[in-house]
Protein chains: 2
Amino acid sequence: MNGSVVPLGKPRPERADAARNRELLLANVREMLAAGGAGSVTMDALAERAQLGKGTVFRRFGTRAGIFRALLDADERSFQEQVLYGPPPLGPGASALDRMVAYGQARIAFLLDHHSVARAALDRNQPAPAGEATITRVHLRMLLGQAGLNLPDLDTLAVQLTGALEGPLLLYVVLPEPETPPSPAAGRPLAESWSVLVHRLLRAEPGTTPG
Amino acid sequence: MNGSVVPLGKPRPERADAARNRELLLANVREMLAAGGAGSVTMDALAERAQLGKGTVFRRFGTRAGIFRALLDADERSFQEQVLYGPPPLGPGASALDRMVAYGQARIAFLLDHHSVARAALDRNQPAPAGEATITRVHLRMLLGQAGLNLPDLDTLAVQLTGALEGPLLLYVVLPEPETPPSPAAGRPLAESWSVLVHRLLRAEPGTTPG
């Protein structure tokens, strides 16, 4: 297993003007989200705001859910880059233990930040997307390997840790609209509990980790 | 927190003939499942086989998915009874560690056994059911308390352990039909990895647990 590459799919080569259009559209989507929330983002409103034809928006995203999937995809790539190339302890250069704790913190924050986008990216006629958990599983598997754990089946352990880390927040996405969306503060107990779990799994004493 | 009661909802009081009808219908559903799989269970076929009117079947279950939800519900109750009143180590009378390992093994087997029923119980027009994980979360929370862990937030830890235990198998239920359904053998690595996770979390040495 090549630990430095997380296979989340490479961006397809794209003509320069198509790439510009995509960036322009996503920048507009971000502004609309910040101003009016996910509910304010429609195909028509986006085309008008970006001063592009509706056909262009339709070809790019297909459906309204497709707009949010594209945004989520772009943000997942940025997240992945921080994990692979960013500063430690999230990026390379820290111990496997510290990286695992930092990854959990960062991932919880990412999932909370993207809660409404992930909901809006769900196509109700399609089952929930499965690929979301891939980067977490692959990255945790790599770190478990680096931690020098003397255990026979790190693959399955990585699957279960992915469930521990992402499961509680993915439920927010798949379930009916909660009365109040999760606040960023909801991440704190999850991140602290994740740290405890990882420290015990790696048989380390808590409190040795920065951050 | 009262550790001996898992609030999965009490059966409503039911007239004797209604209860008999329900038992009769569920017994027929089980036979149809065993003979022809979930695909063979329809409202019409069930009414005919049970020699009851279609109206009776409709009033009882509402939809085809409702048949499978009723079956799942009945089996969840049996499972819960084993956990609360059955022999150790699944039931009371063993250490928290042994019970947690045994619960994981039993729950993984249950989820694998009920894979096709759980899929068929999903109403595609409704989000995935949330309550499924409740018994696991409540039971693990109780065992974590009994284990004497000196940790500040056992509630969140129980949520994360529920994700670790059920997440990998719930994905099978929510995702598009896999090419091959999970075999009972798929439970073995999950159960073994769960045992490792629990032993390390409770800072115990593996190999001290029966089964």
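## Loop residues with positive phi

Gln51(A) sits in the loop of chain A between helix H2 (43-50) and helix H3 (54-61); helices (H or I, at least four residues) and strands (E, at least two) are DSSP runs, numbered from the N terminus. The model is predicted, so local features need pLDDT of at least 70 and side-chain atom pairs count only at pLDDT 80 or more, while totals for chains, interfaces and linings use all residues. Residues are numbered from 1 along each chain as its sequence is written, chains are lettered from A and ligands numbered from 1 in the order written, and side-chain values use heavy atoms, without hydrogens and water.

Gln51(A) is not a glycine, yet its phi is positive, at about 55 degrees. Its relative accessible area is 73%, so Gln51(A) is exposed (buried is under 20%, exposed over 50%, partly exposed in between, with a 1.4 Å probe and protein chains only). Chain B has its own case. Gln51(B), again not a glycine, has a positive phi of about 55 degrees. Gln51(B) lies in the loop that links helix H2 (43-50) to helix H3 (54-61) of chain B. With a relative accessible area of 73%, Gln51(B) is exposed.

## Cis prolines

Chain A has a cis peptide bond between Pro88(A) and Pro89(A), with omega at about 5 degrees. Pro89(A) belongs to the loop between helix H4 (64-85) and helix H5 (96-113) of chain A.

In chain B, Pro88(B) and Pro89(B) are joined by a cis peptide bond, and omega is about 10 degrees. Pro89(B) falls in the loop between helix H4 (64-85) and helix H5 (96-113) of chain B.

## Chain A overall

Chain A has 9 helices and 0 strands. Read from the N terminus, its elements are α-α-α-α-α-α-α-α-α. Chain A has 211 residues, and 45% of them count as buried.

Take the contacts in chain A (heavy atoms within 4.5 Å) with a separation of 6 or more: 68% of them come from residues 24 or more positions apart. The exposed area of chain A is about 10700 Å² (Shrake-Rupley, 1.4 Å probe). Carbon and sulfur atoms supply 54% of that area.

One long-range pair involves Gly148(A), which is in the loop between helix H7 (134-146) and helix H8 (154-174) of chain A. Gly148(A) counts as exposed, because its relative accessibility is 58%. Gly148(A) and Leu202(A) are 54 residues apart in sequence, but 8.9 Å apart in space from C-alpha to C-alpha.

## Helix packing between chains

A packed pair of helices is described by the angle and the distance between the two axes. Helix H9 (residues 187-201) of chain A packs on helix H9 (residues 187-201) of chain B at about 100 degrees, with the axes 8 Å apart (axes are fitted to C-alpha atoms, for helices over the stretch in contact, and angles run from 0 to 180 degrees between N-to-C directions). H9(A) and H9(B) are therefore roughly perpendicular (65 to 115 degrees; under 35 is roughly parallel, over 145 roughly antiparallel, the rest oblique).

H9(A) brings Leu197(A), Arg200(A) and Leu201(A) to this contact. H9(B) brings Leu197(B), Arg200(B) and Leu201(B). The residues of the contact are 4 nonpolar, no polar and 2 charged (Ala, Val, Leu, Ile, Met, Phe, Trp, Tyr, Cys and Pro are nonpolar; Asp, Glu, Lys and Arg are charged; the others, Gly among them, are polar).

## Helix packing within chain B

Helix H1 (residues 16-36) of chain B crosses H4(B) at roughly 100 degrees, and the two axes come within 10 Å. H1(B) is therefore roughly perpendicular to H4(B).

From H1(B), the contact uses Leu26(B), Val29(B), Arg30(B) and Leu33(B). From H4(B), it uses Ile67(B), Phe68(B), Ala70(B), Leu71(B), Ala74(B) and Asp75(B). By class, this contact of H1(B) with H4(B) has 8 nonpolar, no polar and 2 charged residues.

## Side-chain polar contacts in chain B

Arg141(B) is placed in helix H7 (residues 134-146) of chain B. Its side chain makes a polar contact of 2.5 Å with the side chain of Asp155(B) (a pair of N or O atoms within 3.5 Å; within protein, one able to donate a hydrogen and the other to accept it, and residues adjacent in sequence counting only if both atoms are side-chain atoms). Arg141(B) is 21 residues from Thr162(B) in sequence and 9.5 Å from it in space, C-alpha to C-alpha.

Thr156(B) lies in helix H8 (residues 154-174) of chain B. Thr156(B) counts as buried because its relative accessibility is 11%. The side chains of Thr156(B) and Asp153(B) share a polar contact of 2.6 Å. Leaving out residues up to four places away in sequence, Thr156(B) touches Pro189(A), Leu190(A) and Ser193(A).
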